[in-house]
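Reader: I should like to go through this structure by way of specific questions. Please reason each answer through and end on the value or name requested.

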Amino acid sequence: MLCLTTLRIGECRAPAWGAGLRGRGFATFPALVTLIRTETATVLVDGGYGPAFFKATARFPARFYRWLTPVRLPEDQWLSRQLPCVPDMVLLTHMHADHVSGLMELPEGVPVRASRQAIAHLRGLSDWQALRAACPAGLRDAVLARDPQPVEDGPLVPTGLPGFPEGHDILGDGRLIAIPLPGHGIGQIGLWIPEAARFLIADAAYSRASLRENRLPPGPVLARLGDAEAYRDTFARLRALMHSRPEIIFDPSHCPETAP
C-alpha cells in the first residue's frame, strides 16, 4: 500500500509572466505539499507556508518579501490542521520560504532531510543573503535548528528514468528516490515514486502546462532564483521524460492542475 495526498498550504500572488505563464496580470500560486504513506513510514514532502512565515517577515527588510509576493493562508489550510498524523520524516525539496515555513508547525524531533548542497548553502548565508535567497533569517535559523540531514546519506540507486538515471533511496526499500533537479534555488531535489509513477518535481516547472507547452520563466527570473542554464537543462530533461514516459504524472509544487 502506498498512498499519496496533496495538500494546499496557503498560496501567494505574483506576476504570471515571471513563471512563464500566459497573461500579463497576477496569478495565484498554491503552495502544495505531499503526504506519502506506506506500510512502514509516513513522509511529508515540503511544508508550504505557515505562521512562521508571517513572523519571519514581520519587520523590514524581510517584510519586502511579503509585499512582493502577497501570501494568503486561511487557518483551515494550516499544515497542522490538515495532517492526519505526525510524519516520520520531512523531505525539503529546497530552502525557499514557501516550502519550509510549515515545518515549524511540526513537533521538534521529526527528522528532516534535504540535499547536502541546500543545507550547506543555508548554513553559510548572512541575514541579507538569506533574504535574497528567499529564506528570511528567522526561517533560516528555524530550519537549521531542526538539524536537517543530507539525503545523500541514503544509498545511490538506479531510477530507470531516462535523463535522471540515479537518485538516493530515502527509505531503503527503493520506493522513494530523491533526484537532483538543479537550477531553481540551491540544491533542489525532486522525488521519484516508481510504484505510483509519480514524480514530484518541486519548482523545476511551475505547472504541468509549462512542461507540455515548453514555457520557461524569463531568463532574468531564472538567474535571480538560481542557475538559469541549469534550470533550462533540467526543464528540457523533464520535457523529454514527459514525452518518452507518458504514463508518469508530474507534480510541480505550484501547479493548479495538481492543487486540491
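Reader: How many aromatic pairs does a search of the whole structure find?

Author: The model is a predicted one. A search of the whole structure yields a number of aromatic pairs equal to eleven.

Reader: What is the geometry of the pair formed by the rings of F53 and F54?

Author: A pair of aromatic rings is described by the distance of the centres and the angle of the planes. For F53 and F54 the ring centres are 5.4 Å apart. Their planes stand at 85°, and planes over 60 degrees apart count as edge-to-face. The pair is therefore edge-to-face.

Reader: Are F53 and F54 buried or exposed, and which aromatic cluster holds them?

Author: F53 has a relative accessibility of 0%, so it counts as buried. F54 has a relative accessible area of 25%, which means that it is partly exposed. Both belong to one aromatic cluster, formed by Y49, F53, F54 and Y65.

Reader: How many helices and strands does the protein chain have, and how does its radius of gyration stand to the globule rule?

Author: The protein chain has ten helices and 13 strands. For 260 residues the globule rule gives 18 Å, and the chain is close to that value, so it is as compact as a globular protein of that length. Its radius of gyration is 17 Å.

Reader: What share of the residues of the protein chain counts as buried, and what does the chain span along its principal axes?

Author: Of the 260 residues, 56% count as buried. Along the principal axes, the C-alpha trace spans about 45 × 40 × 35 Å.

Reader: Among contacts between residues at least 6 apart in sequence, what share joins residues at least 24 apart?

Author: Contact here means heavy atoms within 4.5 Å. Among the contacts in the protein chain between residues at least 6 apart in sequence, the share that joins residues at least 24 apart is 62%.

Reader: What span should helix α10 have, and how far apart are its end C-alpha atoms?

Author: Helix α10 covers residues 228–244, that is, 17 residues. At 1.5 Å a residue, taken times one less than the number of residues, it should span 24 Å. The end C-alpha atoms agree with this, since the distance between them is 24 Å.

Reader: Which elements do the buried residues of α10 pack against?

Author: The buried residues of α10 are A228, A230, Y231, T234, F235, L238, R239, L241 and M242. They pack against two helices and several strands, namely α8 (208–213), α9 (219–225), β8 (156–161), β9 (164–169), β12 (198–202) and β13 (249–252).

Reader: Which backbone nitrogen does a side-chain oxygen of D227 reach at the start of α10?

Author: At the start of α10, a side-chain oxygen of D227 comes to within 3.1 Å of a backbone nitrogen. That nitrogen belongs to E229.

Reader: Which backbone oxygen does the side chain of T234 reach?

Author: T234 is found in helix α10, and its relative accessible area of 1% means that it is buried. Leaving aside neighbours within four places in sequence, T234 is in contact with F164, L181, P182 and A204. Its side chain reaches, at 2.7 Å, the backbone oxygen of P182.

Reader: Where does D203 lie, is it buried or exposed, and how far apart in space are D203 and P182?

Author: D203 lies in the loop between β12 and α8. Its relative accessible area is 2%, so it is buried. Not counting residues up to four places away in sequence, D203 touches H94, D98, H99, H184, Q188, Y231, S253 and H254. D203 and P182 are 21 residues apart in sequence, and their C-alpha to C-alpha distance in space is 9.9 Å.

Reader: Which residues does S210 contact, leaving aside its neighbours within four places in sequence?

Author: S210 is found in helix α8. At 2% relative accessibility, under the 20% cut-off, it counts as buried. Its contacts beyond those neighbours are A19, L21, R215 and F235.

Reader: What is the phi of D46, and what is the phi of N214?

Author: D46 is found in the loop between β3 (42–45) and α1, and counts as buried at 2% relative accessibility. N214 is in the loop between α8 and α9, and is partly exposed at 43%. Each has a positive phi in a residue other than glycine: for D46 phi is near 70°, and for N214 phi is near 55°.

Reader: What is omega for the cis peptide bond that joins F60 and P61?

Author: P61 is found in the loop between α1 (51–56) and α2 (63–68). The peptide bond joining F60 and P61 is cis, with omega about 5°.

Terms used
Residues are numbered from 1 along each chain as its sequence is written. This is a predicted model: local features need pLDDT of at least 70, side-chain atom pairs count only at pLDDT 80 or more; totals for chains, interfaces and linings use all residues. Side-chain values use heavy atoms; hydrogens and water are left out. Helices (H or I, at least four residues) and strands (E, at least two) are DSSP runs, numbered from the N terminus. Buried means under 20% relative accessible area, exposed over 50%, partly exposed in between (1.4 Å probe, protein chains only). A polar contact is a pair of N or O atoms within 3.5 Å; within protein, one must be able to donate a hydrogen and the other to accept it, and residues adjacent in sequence count only if both atoms are side-chain atoms. The radius of gyration is taken over C-alpha atoms; the globule rule is 2.2 Å times the number of residues to the power 0.38. Rings of Phe, Tyr and Trp (its six-membered ring) pair if their centres lie within 6.5 Å; planes under 30 degrees apart count as stacked, over 60 as edge-to-face and the rest as tilted.
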